[in-house]
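Please find below some comments on the model, set out as numbered points. They deal with helix packing and with two individual residues.

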Amino acid sequence: MEMESTTLPLLTPYKMGEFNLAHRVVLAPLTRCRAYGNVPQPEHMAVYYCQRATPGGLLIAEACAVSESARGYPDVPGLWTDQQVEAWKPIVDAVHASGAVFFAQIWHTGRASAPEFQPNGQAPISSTDKQIPPQVSHAGVVNTFAVPRRPETEEIPHVVNDFRIAARNAIKAGFDGVEIHAANGYLFDQFMKDSTNDRDDAYGGSLENRCRFTAEVTAAVAAEVGGDRLGVRLSPFADYMDCHDSDPEALGLHVIDKTLNPLGVLYCHMVEARMRVNPEDGNKMTLQQMLLPFRRAFRVTFIASGGYDREEGNAAIAHGYADLIAYGRMFLANPDLPARFAKKAALNKYDRSTFYTSDPVVGYTDYPFLDQF
């Protein structure tokens, strides 16, 4: 197949702070559940990430729990112990040897957890003591969640500190920076969104109070690693894990204007609102302009994600809607995604049933490259 004669917007270089990126195709953070016992496994995780690494490419590692109690899924990696830091090092080194930039996403699931993932079966913390209703997965499995515990006001700084330590550990492991996972219905969303936060202290009630936890963690991590090595992922329009907000635009703009911009955060990673009900006819319509107010408000690098394909990503870059596009399932199934985009090649189909299995090869490092056909 011939490469297109004109340079695709997605494949043009971009300077993100001190990082010179060769293209705009970003590996989105993807939980893969192959870090046995919460310890990264260099033997297969280095292969997985290096398959998707290109010179000047940006990879965001799968979400790393900031503490034992932050977990909500089996075999997710952590960044709270020295053992985990040491296990990440050869993986990060291998990615750097491939020429890519590598950020670690740090994470707390909050009430999106089950007793089996909590120390001694304790209740997970959240902004509320309301339980998430059972959720049916794409595979048809019914997932249930623990009844959460609403921590006292004086406990919250300890959670903030967990993020600071995890960020420090990420840099010790060699990562170029960290991304705070403040999206997808996990702990930050549980505090920020008014459907979930029913607190009456300094962390509940007003928009400013609901965003206080996010602001404090972001400030602590920025002080630890520098705003120029920090990204924040947000999903104001999403309703994951029974977590939504009555005014998502005001929420997102508040976080950007009051926290991200003042702290000099390197990038804002926003999840696109892909579907919305048209108020005129009640039909669902696909959207790709819902993030525009946030893109205009944020001062530096803006990353959009949420089911983009090649053409949509090119259009978003060409029109200045985003600086970078993060690809998840498509990049998972196509380790050479930038090359496939360049050649307008056919894409491998992903197998959803193997997203979260524990096999170190199947559905993980066995997706073929173009040159294997």
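1. In this predicted model, helices α6 and α7 are roughly parallel to each other, because the angle at which they pack, about 5 degrees, falls under the 35 degrees that serves as the limit for that description. Helix α6 covers residues 212-225 and helix α7 covers residues 248-263, and their axes are 10 Å apart.

2. As to which residues make up this packing, α6 contributes Thr214, Ala215, Thr218 and Ala219, which meet Val255, Thr259, Leu260 and Leu263 of α7. By residue type, the contact of α6 with α7 divides into five nonpolar and three polar residues, with no charged residue taking part.

3. A second helix pair that deserves a comment is formed by α1, residues 42-51, and α2, residues 82-97, whose axes come within 9 Å and cross at roughly 30 degrees. Since angles under 35 degrees count as roughly parallel, α1 and α2 are therefore also described in that way, and the crossing of these two helices is right-handed.

4. On the α1 side of that contact one finds Pro42, Met45, Ala46, Tyr49 and Cys50, and these meet Ala87, Trp88, Pro90, Ile91, Ala94 and Val95 on the α2 side. The residues of the contact of α1 with α2 comprise eleven nonpolar ones, with no polar and no charged residue among them.

5. Turning to single residues, where does His244 lie? His244 is placed in the loop between strand β9, residues 230-234, and helix α7, and it is partly exposed, because its relative accessible area of 39% lies between the 20% limit for buried residues and the 50% limit for exposed ones.

6. His244 and Lys193 are 51 residues apart along the chain, yet their C-alpha atoms are separated by 5.6 Å. Leaving aside residues up to four places away in sequence, His244 touches Lys193, Asp194 and Ser195, and also Ala238 and Asp239.

7. Is Asn348, which is found in the segment after helix α11 (337-343), buried or exposed? Asn348 counts as buried, because its relative accessibility is 14% and the limit for that class is under 20%. The side chain of Asn348 reaches the backbone oxygen of Pro368 at 2.9 Å, a distance that lies within the 3.5 Å allowed for a polar contact.

Key: Residues numbered from 1 in each chain as written. Predicted model: local features only at pLDDT ≥ 70, side-chain atom pairs only at ≥ 80, totals over all residues. Heavy atoms only, no water. Axes fitted to C-alpha atoms, helices over the stretch in contact; angles between N-to-C directions. Helix = DSSP H or I, 4+ residues; strand = E, 2+ residues; numbered from the N terminus. Parallel < 35°, antiparallel > 145°, perpendicular 65-115°, else oblique. Left-handed = near helix turned anticlockwise from the far one by under 90°. Contact = heavy atoms within 4.5 Å. Nonpolar A, V, L, I, M, F, W, Y, C, P; charged D, E, K, R; others polar. Buried < 20%, exposed > 50% of the residue type's maximum accessible area, 1.4 Å probe, protein only. Polar contact = N/O pair within 3.5 Å; in protein donor to acceptor, adjacent residues only side chain to side chain.
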